[in-house]
Amino acid sequence: MSKKTKLLSRFLLRPVDFSFDELVRLLGQFGYFSIKSGKTGGSRVTFTDGRGDYLRIHKPHPRNILKLYQVDDVIESLKERGLI
């Protein structure tokens, strides 16, 4: 099993310790990259595929671990787009 497949499998299990860095890698596998949300974007991060599709998420702080609702939101978004 490749690292990419393992990361996706782990994500779909809805782990309570999935980090934001892991999410960046995972979305990168689907062609998404982060873009700056503006001068005062703060913890808001926008991911795009470069073709007009956007995913927005708040970067968790002070820890780098995503909340379960964030994991669920990303899973739902990826399903709606037919990526998983």
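These legends walk you through several close-up views of a predicted model.

**View 1. Three strands line up into one open sheet.**
Let's start with the sheet, whose strands follow the order β1-β2-β3 and pair in the antiparallel sense. β1 (33–35) and β3 (54–58) sit at the edges with a single partner strand each, so one side of each has no neighbour in the sheet. From one strand to the next, the twist averages 35°. Three bridges hold β1 and β2 together, and in this pairing S34 stands opposite F47 of β2. Between β2 (residues 44–48) and β3 there are five bridges.

**View 2. β2 and β3 form a hairpin.**
Five residues lie between the two strands of this hairpin. Look in the turn for G50, which has a positive phi of about 85°. You can then follow some of the facing pairs: T48 stands opposite Y54 in β3, V45 has I57 as its bridge partner, and R44 stands opposite H58.

**View 3. The side chains of β3 alternate between two faces.**
Which residues of β3 are buried, and which are not? L55 and I57 point to one face and are buried. Y54, R56 and H58 point to the other face and are not buried. Strand β2, the hairpin partner of β3, is mostly covered, with four of its five residues buried.

**View 4. Helix α2 lies across the sheet, and a nonpolar core can be found.**
Helix α2 (residues 20–29) lies across β2 and β3, and runs at about 20° to β2. In soluble globular proteins, nonpolar side chains tend to be buried together. Here the largest nonpolar core has 18 residues, and F11, L23, L27, F47 and I57 are the ones that touch the most other members. Five elements, namely α1, α2, β2, β3 and α3, each give two or more residues to this core. Try picking out L27: setting aside neighbours within four places in sequence, it is in contact with Y32, F47, L55, V74 and L78.

**View 5. Two loops meet at S19 and I65.**
S19 belongs to the loop between α1 (3–12) and α2, while I65 belongs to the loop between β3 and α3 (68–80). How many residues apart in sequence are I65 and S19, and how many Å apart in space? They are 46 residues apart along the chain, yet their C-alpha atoms are 4.3 Å apart. Not counting residues up to four places away in sequence, S19 touches N64, I65 and L66, and I65 touches V16, D17, F18, S19 and P60. Is S19 buried or exposed? S19 is buried, because its relative accessible area of 14% is under the 20% cut-off. I65, at 21%, is partly exposed.

**View 6. Two backbone details are worth a closer look.**
In the loop between β3 and α3 you will find P62, which is joined to H61 by a cis peptide bond with omega of about 10°. The other detail is R14, in the loop between α1 and α2. R14 is not a glycine, and its phi is positive, near 60°. This residue is partly exposed, with a relative accessible area of 38%.

**View 7. R10, D17 and E22 share salt bridges.**
Side chains of opposite charge can pair when their charged atoms come close. The structure holds five salt bridges, and this view shows two that involve R10. R10 meets D17 at 3.2 Å, N to O, and it also pairs with E22, where the closest N and O atoms are 3.1 Å apart. Because E22 lies in helix α2 and R10 in helix α1, their pair ties together parts that are twelve residues apart in sequence. E22 is buried, with a relative accessible area of 13%, whereas R10 is partly exposed at 27% and D17 is partly exposed at 43%.

**View 8. D53 and R81 link distant parts of the chain.**
In this salt bridge, the closest N and O atoms of D53 and R81 are 2.6 Å apart. D53 lies in the loop between β2 and β3, and R81 in the segment after α3, with 28 residues separating them in sequence. R81 is partly exposed, with a relative accessible area of 29%.

Note on methods
Residues numbered from 1 in each chain as written. Predicted model: local features only at pLDDT ≥ 70, side-chain atom pairs only at ≥ 80, totals over all residues. Heavy atoms only, no water. Pairing = 2+ DSSP bridges. Axes fitted to C-alpha atoms, helices over the stretch in contact; angles between N-to-C directions. Contact = heavy atoms within 4.5 Å. Buried < 20%, exposed > 50% of the residue type's maximum accessible area, 1.4 Å probe, protein only. Core = buried A, V, L, I, M, F, W, Y, C linked by side-chain atoms within 4.5 Å. Salt bridge = Lys/Arg side-chain N within 4 Å of Asp/Glu carboxyl O.
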